[in-house]
Amino acid sequence: MSVPFVTIITVCYNAEQTITPTLLSVQNQTYEGMEYLVIDGASTDGTLCLVRELAPRAKVHSEPDRGIYDAMNKGLSYAQGTYVWFLNAGDLLPSVNTVAHLAQEAMAQESLPDVLYGYTRLIDQEGQDLGLRRLSPPKQLTWRSFEQGMLVCHQSFIARRSLAPQYDLSYRFSSDFDWCIRVLRGAKSVHRVDEVLSLYLSEGATTANHRRSLYERWQIMCRYYGFGRTLWQHVRFLFIRRR
């Protein structure tokens, strides 16, 4: 079995306040079979200086874009890895051996899985641990699993590049939800890594964006699972929360 080559992609814009720990967590990885892409939206602050200083191995592409998912699509077009792994500014890999452990898990299977996924811990702006993400990744993950919501954080969802579609730019806030479903629909083998794969910066989204994101997720769920099943899942969720 060939050793997997991993592409980690960070998309950013004017991220000098959050990107430093992200860069260091990737730069310090012990695994050699990887590349790091930084897709920058033509930042006007000190973001690019930090990238050059703290992650000299990173391949940087800086130009205006149409938002985060357009930048992610650019990252996919530049990626050379067997796998693609998105890590936003402010998010971290939990240890210097995280990518090495992921590669070992992949190579321990009969063949390289199409998707690898794992757990996520939440952190605040100071890097303090806020605990495991409330939604926990199931032992068996399929595209139908997301009928219950986004059970796996995007930053802990690693896909074969050959299976990774472009992000749908008609969704401004939840295209990653749609992307994960589409990846899983094409996947033949999916493997859970029983460890934390990312530390996710938990930031309070504005009320307007949060509501828009929930509405887009509703649209996506209706598209894949049908209106009736989606409505039932939401009613069931509200009932459980009130118990």
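Modeller: Before we start, a residue counts as buried when its relative accessible area is under 20%. Keep in mind that this is a predicted model.

Colleague: Happy to. Which residues of α3 are buried?

Modeller: They are Y69, D70, A71, M72, N73, K74, G75 and L76. That makes eight of the eleven residues in the helix, so α3 is mostly covered. The elements covering them include β1, β2, β4 and α5.

Colleague: Why is F86 called buried?

Modeller: Its relative accessibility is 2% and the cut-off is under 20%, so F86 counts as buried. Y167 has 3%, so Y167 passes the test too. For W179 the value is 0%, and therefore W179 is buried as well.

Colleague: What makes F86 and Y167 an aromatic pair, and how are their planes set?

Modeller: Ring centres must lie within 6.5 Å, and planes over 60 degrees apart count as edge-to-face. Here the centres are 5.6 Å apart with 85° between the planes, so this is an edge-to-face pair. F86 belongs to strand β4 and Y167 to the loop between β7 and α5, so the pair ties together parts 81 residues apart in sequence.

Colleague: And what makes F86 and W179 a pair?

Modeller: The centre-to-centre distance is 5.9 Å and the angle between the planes is 90°; set against the limits of 6.5 Å and 60 degrees, F86 and W179 are therefore an edge-to-face pair. This one links F86 in strand β4 with W179 in helix α5, 93 residues apart. F86, Y167 and W179 also belong to one aromatic cluster with Y69 and F157.

Colleague: Which residues have the most contacts inside the largest nonpolar core?

Modeller: F146, F157 and W179 do, in a core of 33 residues. α5 gives the most to this core, with six residues. Beyond its neighbours within four places in sequence, W179 is in contact with L76, F86, H154, F157, A159, A164, P165, Q166 and Y167. Apart from this core lies another of 31 residues, among them I19, L87, L93 and A106.

Colleague: How do you know that the charged end of R185 is close enough to count as sitting over the ring of W143?

Modeller: The charged end is 4.7 Å from the ring centre, and the distance limit is within 6 Å, so that part of the rule is met. R217 over the ring of F177 is a further case: at 5.3 Å from the centre, R217 also meets the distance limit of 6 Å.

Notes: Residues numbered from 1 in each chain as written. Predicted model: local features only at pLDDT ≥ 70, side-chain atom pairs only at ≥ 80, totals over all residues. Heavy atoms only, no water. Core = buried A, V, L, I, M, F, W, Y, C linked by side-chain atoms within 4.5 Å. Buried < 20%, exposed > 50% of the residue type's maximum accessible area, 1.4 Å probe, protein only. Helix = DSSP H or I, 4+ residues; strand = E, 2+ residues; numbered from the N terminus. Contact = heavy atoms within 4.5 Å. Phe/Tyr/Trp six-rings, centres within 6.5 Å; stacked < 30°, edge-to-face > 60°. Lys NZ or Arg CZ within 6 Å of the ring centre and 35° of its normal.
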